[in-house]
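Please open the structure in the viewer and keep the selection tool at hand. The tour proceeds by one selection at a time.

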Amino acid sequence: MTKQHSSVRFSIDTGGTFTDIVVLDEDTGEFYIDKAATTPDNTLRGVINAIDKAKVDVEAVNNFFIHGSTTALNAMLERKGVKTAYVTTLGFRDVPEIMRYNRTEMYNPRYRKPAAIVPRELRFEVPERVTVKGDILEPLCENSVRDVARQIRQHEIKAVAVCLLHSFRNPAHERRIKDILLEENPDIPVAISSDVAAEHREFERGMTAILNAYLAPVVEKWIGSLEEELAARKFPGEVVLTKSDGGGMTPDATKNSPINMLLSGPAGGVIGGLHLSQLTEHKNLITMDVGGTSFDIAMIKNGRATVNQETEVNGYPILISNLDIRTIGAGGGSIAWIDDAGAMHVGPQSAGAVPGPICYRRGGTVPTVTDAFVVNAFIDADRFLGGEMSLDAAGARKAIESQVAEPLGIEPMAASSGILRIAMSNMAEAVKSIAAETGEDPRDFGMLCFGGGGAMFGGYLVDELEMPAAIIPVVPSTFSAFGMLMIDLRHDVVETISKKLSDMTGAELEQRFAELVERGSDLLEREGVPAERRSAERVAEIRYSGQEHAVSVPVTFSLEDEGGKDALYAAFENVYKDVYGYTLGSAADVVNLRVKAVGEIPKPKLREIERGEPDTSGVRHGERQVCDFLLNEWQTFGLYDRAALKAGNIVPGPALIEERTTTTVVRNGQQCAVDHLGNLIITRV
Amino acid sequence: MNTTKTVDPVTVEVIRSYYRSTANQMSTALMRASFSPIIYEVRDFSLGVYNERAELIAEGKGLPVFMGTLTYTIRTVMDYVGKENVQEGDMLLCTYPYWTGAHSQDAVTILPIFENGEIIAYSAAKAHWMDLGAKDIYGTDTTDIFQEGLQLKAVKIMKAGKLDEELMDILRANTRLPDVLTGDLTAQISACELGARRLRDLSAKYGVEVVRAATNRILDHGEEIARKAITAMPDGEWTSEVAIDNDGIVDEPVVIRLKVTISGDQMHVDLTGTASQTKGPINCPFVSTMSSLRLAMKMMVAPHYDANEGFFRPLSVFAPEGTLLNPTKPAPVFIYGWSVMAVGEAMFAAMAKGAPNLSISRTGGDIGAVLWSGTDPATGEFFAGGGDEAVGNGASCDADGENALIHFTLGECRNIPVEILEERYPILTVAYGLRHDSAGAGRFRGGLGVTREWRILGDLSIISVVDQTRGGVEGVEGGLAAKPNRILIYPDSPEQRIEGKLTGFQLKAGEHIRVETAGGAGWGDPRQRDAAEVLADVRGGYVSRESAEADYKVVLTGDGAGLSVDQDATANLRKVAA
């Protein structure tokens, strides 16, 4: 990538094992991919290594650099945030420790909650009280706040989170506390809950504020270093960071609310899936990402992915918009093991990147899914990563024989196939469960398969789940980074209403929405997004009076018009019926109004590949004996190079379509078509 | 069990994964379609799939204490009706407490699954209906089961795949909430049908014989895990005693006596000596006595596995008929749940002596339940609600008990956030936090209970079901007792009243009520607790300075950031105390 380009954007996805980079030439639609090792102690080094390895001429990138990073998540999981204090209403300092009472490990008599992020002695109370209506019942005692400020200084606190009861209805006290604290301690940043997550439920809102405060200094420092590195390389473009909801945000916005980047890791693949669903006829997709340790699934219906407003990380609830991505512990590194009573399991434990599978020769000693793929000959041990790495097939075979086959008294190949079959059925059952939760049938969806192992399991999964097609996108093993190239800027602005729909007028709702839309638009304007590329999605979160859970209702019509409120109620019942299967016809409450402000970033045009004929016998460059793991039967698989395939080609199964970082498996009875963008589409014949 | 067909271990694991997913999907189907928050939020339900002998194969994630109750229900119902009288597509409904193990609101649906005219399996679901033919929606003062709800032993709600509209009409006529009941029953029916469909698909794919062999292997595997864990425990007999404050009507303690015997790979629980069945509704049908003990046993021997019948094969239970834990008709059972908690506590208390590394000290033993109803002064509308509270968990042999957890019989049950409570009811929460000094001291300290105080903004009628208020229950190996549960009416005023169970108590606007729940008991001699840990507890405000000195024999000096252990004074005090 040394050539000078007038229009280039590139993206980097920092994963658990690899840091992936994709560089796209927007003029030609050509792209270049590479991988560097992730450097967990300081992910920035891996990013710079990837840029150097891909030889990106940073100075010439006059467009965007989009980056998805695990920096915030790692800091949270490893408890490497800063020393944080919590300030709340008198009488309520234990709310973050009490949590919600529930036992996440139901059968563990000695269950412990995650250790408190802010210890009890650093949780301070101040006299004040706001009522459910937002009225001030007890004024704020400012002397107490100044006293808390002194203690905060004494304890050498680095960040403060403030969460007062009902502050989202009337933030005056929280704002005043922030002012006083900053006046007393100008160097200690303060996050107030009404800014971070203006929604009801004191524990969830307070926890979001705490985590935001706890992570902010870490993220700010990281962004500072990233900007320095880019400045040193004279980067003229703009940096966009990936958010948990699949949107993008500027570095400044990220410094303000780092909590929003917490789950950005798997978002790139879903953004790519959304883009693909717009470009192709596959409007309903289940995206699946098979990495080293996990199997991540998301559903795209009619070109839209489900976005949740709450998530949970390590036992803590967090009120942020996030793509509904479900994870189970099944990936290339998942370990096959026999329990005390002789039952065979695969995962959820993983050999991870280190020591990794046995065949990688990095010290792994227990058999994994990847080892089984080698033993079944799906992976050519001598040509892994284009021959860069020679795999230890004999070691993998020996371990499966001695650790799985012998204890169970079965043939070694039955054991190896069995590992893959169990991993695959765990994945299939996970897809079925998730589809059942949303009331969907997998047979109405195509499966978009990516990650290192997606292309190997895809054909099997669509057979098992009777889905019409498996789609293997271009660059499947770096598809998350690829998807990020299609990102838009996004801001969520929200207001909690908690009123009966019947107690409000359409004009009032319309007015509040208008204010939110304006706030979102202002944010984008400040980030330099021109008006014609700003849009807003309006969502009302509504529930039946008396129930706790609200559903998200898109509001695409005017509420001011005659019948606007009736239309809103009807739309609510439609959504409710989709989710719960029935309607009540009874009174409803408007819980929140939410506006998703979108700042469109122009999308690059993807290159169409050369057209060819259906017949591919000319590019079949050989064959290999491969053991189909469902049948545990050796079959002759045709071998193809993905780079040699053209649009319109059809590869008959059984076949392996190889590329540098993965292999697409087409089973006997299936065929694989190549579309105009180079995507592989596997269907049953 | 001999199996004629053998099945390879890979297929067994694939089928196990299929069963687990089936049970989860049934739970999802029930929660998605049910009308009652008690089902989709509190998870007051139980469901699963069962083999042809009604042995549990896989269970959805419902209320933990319902674990494994349906085996008994299915067997009794099928014996009563007679298998020969059940055809494909028939679904049975049972609300009879002594068969379901619960009050009549907990309705069980059973769907026999047929293949070539034979019953090959069952799917079944139990769910709490908000109201069914009782004098009130909840009752603490009933004296027989006829006051508690409509008794249905085994009726066909579906006949050959068709809903029985006449029976539906009877049900609807016997509830204050007919639409809610219809919705919940429909959800149960569809969950059972989903389970049946999945099981028929499984048989079609592998054949009945392979599925049966795999299922037997799955149950045998559970049994092997449990037996190995029991074998690892020393043989012997251990006893415990837990007293319930009263039965809701007669204000006298009701005592549970439990003896557990470990012998080789077998665990036997004998409840002889337990109080006779009571006049008030605290009686616990034997099925639920059994399930509470199954839950406690599984929490000790196999906390990380999904439950199936195999795990329970090594457990046998005896409770004499006509007693609190095996009552006979027409003994009232409405608040049987409090006995369920108590018998589970008794099991852990006995095992704390037998297998200390697997057990815990006594927990707060309650859920601090307060229910209220009244008329909103602002809108004039009738409202009713309530909430459950956490208690402190008991300490264990090498760790402190957790603060503020729901009782272990209730699993995923959550609190109501203060802000949501205030949106719904004319109640202002004045303070809500950990209850200081409520934990039992010990080398490992119990968890703290909670305290929650409300100011009533409009007149209210209160029901409280709070037990274990007498307290004083010692911990293990010298660990001390925690503070007991209590309800305070007009707290901190000259008129303050300390209560446990109240029915129809009237509170006026401006008055206060406070719930204080018990902590967990300690484990080990508190004088052996590391003084630095005691200091940390005092710094955090979990333990008072007075308790540090009186209970832990740790003397502190200085204050604020300068608070530290007076090493000499502490050494002296600990020497004298020893």
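Leaving aside its neighbours within four places in sequence, with which residues is A:Arg538 in contact? Select A:Arg538 to begin, bearing in mind that the model is predicted. Apart from those sequence neighbours, A:Arg538 is in contact with A:Phe513, A:Val555 and A:Val595. The selected residue belongs to strand 26 of chain A, which covers residues 534-544. Is A:Arg538 buried or exposed? A count of 20 or more other C-beta atoms within 10 Å makes a residue buried; A:Arg538 has 20 such atoms, and therefore it is buried.

Next, add A:Arg660 to the selection. This residue lies 122 residues from A:Arg538 along the chain, and the two C-alpha atoms are separated by 44 Å.

**The sheet of four strands**

Now select strands 29, 30, 32 and 33 of chain A, which form an open sheet in the order 29-30-32-33, with mixed pairing. Which strands stand at the edges? They are strand 29 (622-628) and strand 33 (663-666) of chain A; each has a single partner strand, so one side of each has no neighbour in the sheet. From one strand to the next, the twist averages 30°.

Restrict the selection to strand 29 and strand 30 (residues 633-641) of chain A. These two pair in the antiparallel sense, over seven bridges. To see one bridge, select A:Gly622 together with A:Leu639, its bridge partner in strand 30 of chain A.

**The whole of chain A**

Zoom out and select chain A, in which there are 16 helices and 35 strands. The radius of gyration of chain A is 27 Å, close to the 26 Å given by the globule rule for 685 residues, so the chain is as compact as a globular protein of that length. Its C-alpha trace spans about 80 × 60 × 55 Å along the principal axes. Of the 685 residues, 54% count as buried. Among contacts in chain A with a separation of 6 or more, 66% join residues 24 or more positions apart.

**The contact with chain B**

Finally, display chain B beside chain A. The contact takes 54 residues from chain A and 59 residues from chain B. On the side of chain A that touches chain B, the elements giving two or more residues are helix 3 (95-98), helix 7 (202-232), strand 22 (344-350) and helix 12 (412-437). Select helix 12 of chain A, which gives the most to this side, with 11 residues. The residues of this side of chain A divide into 22 nonpolar, 14 polar and 18 charged.

How values were computed
Residues numbered from 1 in each chain as written. Chains lettered and ligands numbered in written order. Predicted model: local features only at pLDDT ≥ 70, side-chain atom pairs only at ≥ 80, totals over all residues. Contact = placed C-beta atoms within 7 Å. Nonpolar A, V, L, I, M, F, W, Y, C, P; charged D, E, K, R; others polar. Pairing = 2+ DSSP bridges. Axes fitted to C-alpha atoms, helices over the stretch in contact; angles between N-to-C directions. Rg over C-alpha atoms; globule rule 2.2 N^0.38 Å. Buried ≥ 20, exposed ≤ 12 C-beta atoms within 10 Å, placed from the backbone.
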